[in-house]
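Please take a look at the protein shown here and keep the structure open as you read. We will walk through it together, one stop at a time.

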Amino acid sequence: MDYISIVKDDVDLSKSNRYLRLPHPRTGQAQLYLPYTTSTGIESVLEVVKINGSHRRTWFIGESGIDAGSILIHYPIDPLFLVIPLILALIPNGASPPPFQPLSDLISAVSTSSQFSLSPPFVASSSKTPSSYERFNEDLSTLLETKSVRKVFKACCEKKVVPMAPPSPPTESQSESQSSSKQRYYRPSLPLIINHLKKKVEYFAREEEFEKFDHLVRGLGRDGLLDAEADKELLRLARLKAGCEHLAQWLPPAVLPKLVESYDFTTLNTYLANRTAASMAASQQPSTGSGKEAKGVKRKAAPASRGVEALKKVNTNNMAKLTSFFKPKEGKEKEPAKKKK
């Protein structure tokens, strides 16, 4: 077996579950998602992540072992993260807000947008130009048919209700319910997206939720914010900022700065800057002088090493001098120099 799949218990594997191939909310790269309905009737979406092992290994499930090298992990993902890129695609950059439109028109515009097209799977993109494989993403249309995703899509839009005018002249057969029917129009809104994300950040920053993530708690300890004397307001701001950074792994690059700007982190940033400057100053070696010796003041010599101090105590009176080792040997006389002709 090439891989083993880990799925939640409430997924009914007896039914046919269709995987959707969608752009990742942050990177835009192809990612697998699995919409499903729980046994209690709640619709949810799972994101699929493949973990490759360096070597094949045996995974034990109960008393049976499975030989596999990779794992497919399915974990729940909030549909809000999947909807945010769709809403941003409907908001023109630097232009006036888009007009109110029926929900069906907005969903149709997103479903047929080439912005979310992906290259066909199992095809080498190097052999084709991007224009040769661009196509509409049919899986995106299937995702927007899910009630839970459609509900989140509407929550990220401003809503305007307009009563429908009755036909002129009204007929006697027209029912009272038909005459009072209303038409709803929607407009994508970035401020609504930020408000939804802030609710997530504030929930995540609660102490009982924040402590579930050890790496974030260690980050607070590194910044000196877990001491008993730590400022409670600084600790709260640090948790909020860590919450923004944690959600960044599912957010498009254009949304994260807007989310951070919605908070006032001035006090926290000043504290972190002062702490960084203090740690850098403590790591530097203290200077012993200005580099210029004062006139008439002799500089103290550096202390000698242990080996030099030990050699000074050695008694050398009975030792032969070094020149005695270079005397000519006895029995050999120097030959007289030859006279030049």
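Lys 241 counts as partly exposed because its relative accessibility is 24%, and buried would mean under 20%. You will find Lys 241 in helix α10, which covers residues 232-247. Now look for Asp 264: Lys 241 and Asp 264 are 23 residues apart along the chain, and their C-alpha atoms are separated by 10.0 Å. Please keep in mind throughout that this is a predicted model.

Next, let us visit strand β2, made of residues 20-23. Strand β2 pairs with strand β3, residues 30-37, in the antiparallel sense, and four bridges connect the two. To see how the strands line up, find Leu 20, which stands opposite Tyr 33 in β3. Which way do the residues of β2 point? Leu 20 and Leu 22 point one way, while Arg 21 and Pro 23 point the other way. All four of these residues are buried. Between strands β2 and β3 the hairpin has six residues. Gly 28, in this hairpin, takes a positive phi near 80°.

Now follow the chain to the loop between α2 (103-111) and α3 (130-133), where Ser 114 lies. Ser 114 has a relative accessibility of 45%, so this residue counts as partly exposed. Find Phe 136 as well: Ser 114 and Phe 136 are 22 residues apart in sequence, with 5.6 Å between their C-alpha atoms.

Our next stop is helix α5, residues 147-155. Val 149 has its place in this helix. Is Val 149 buried or exposed? With a relative accessible area of 1%, Val 149 is buried. Along the chain, 71 residues separate Val 149 from Asp 78, and in space their C-alpha atoms are separated by 9.2 Å. Move on to the loop between α5 and β6, and you meet Cys 156. Cys 156 counts as buried because its relative accessibility is 0%. The partner to look for here is Ile 87, which is 69 residues from Cys 156 along the chain. The C-alpha atoms of Cys 156 and Ile 87 are separated by 7.4 Å.

Helix α5 also brings us to the surface. Lys 151, Lys 154, Lys 159, Lys 182 and Arg 184 gather there in a patch of positive charge. Two elements give two or more residues to the patch, namely α5 and β7 (182-188). One member of the patch, Arg 184, is found in strand β7. Arg 184 counts as partly exposed because its relative accessibility is 43%, and the patch takes in residues with over 30% relative accessible area.

Let us finish with charges that pair. Side chains of opposite charge can pair when their charged atoms come close. How many salt bridges does this model hold? The count comes to six. One of them joins the side chains of Arg 187 and Glu 158, with 2.9 Å from N to O. This pair links distant parts of the chain: Arg 187 belongs to strand β7 and Glu 158 to strand β6 (residues 157-163), 29 residues apart. Glu 158 has a relative accessibility of 30%, so this residue counts as partly exposed.

Two further salt bridges are worth finding. Arg 206 forms a salt bridge with Glu 208, and the closest N and O atoms are 2.8 Å apart. What do the accessibilities tell us about these partners? Arg 206, at 39%, counts as partly exposed, and Glu 208, at 43%, counts as partly exposed. Lys 212 forms a salt bridge with Glu 209, where the closest N and O atoms are 3.1 Å apart. Is Lys 212 buried or exposed? At 57% relative accessibility, Lys 212 counts as exposed, because the cut-off for that word is over 50%. Glu 209, in contrast, has a relative accessibility of 15% and therefore counts as buried.

Definitions and conventions
Residues are numbered from 1 along each chain as its sequence is written. This is a predicted model: local features need pLDDT of at least 70, side-chain atom pairs count only at pLDDT 80 or more; totals for chains, interfaces and linings use all residues. Side-chain values use heavy atoms; hydrogens and water are left out. Patches are made of residues with over 30% relative accessible area and no salt bridge: like charges are joined within 9 Å, nonpolar side chains (Val, Leu, Ile, Met, Phe, Trp, Tyr) within 5 Å. Accessible areas come from the Shrake-Rupley method with a 1.4 Å probe; for residues, only the protein chains shown count as cover. A salt bridge is a side-chain nitrogen of Lys or Arg within 4 Å of a carboxyl oxygen of Asp or Glu. Lys and Arg count as positive and Asp and Glu as negative; His and the chain ends are not counted. The place of a charge is taken as NZ of Lys, CZ of Arg, CG of Asp or CD of Glu. Buried means under 20% relative accessible area, exposed over 50%, partly exposed in between (1.4 Å probe, protein chains only). Two strands pair if DSSP finds at least two bridges between them.
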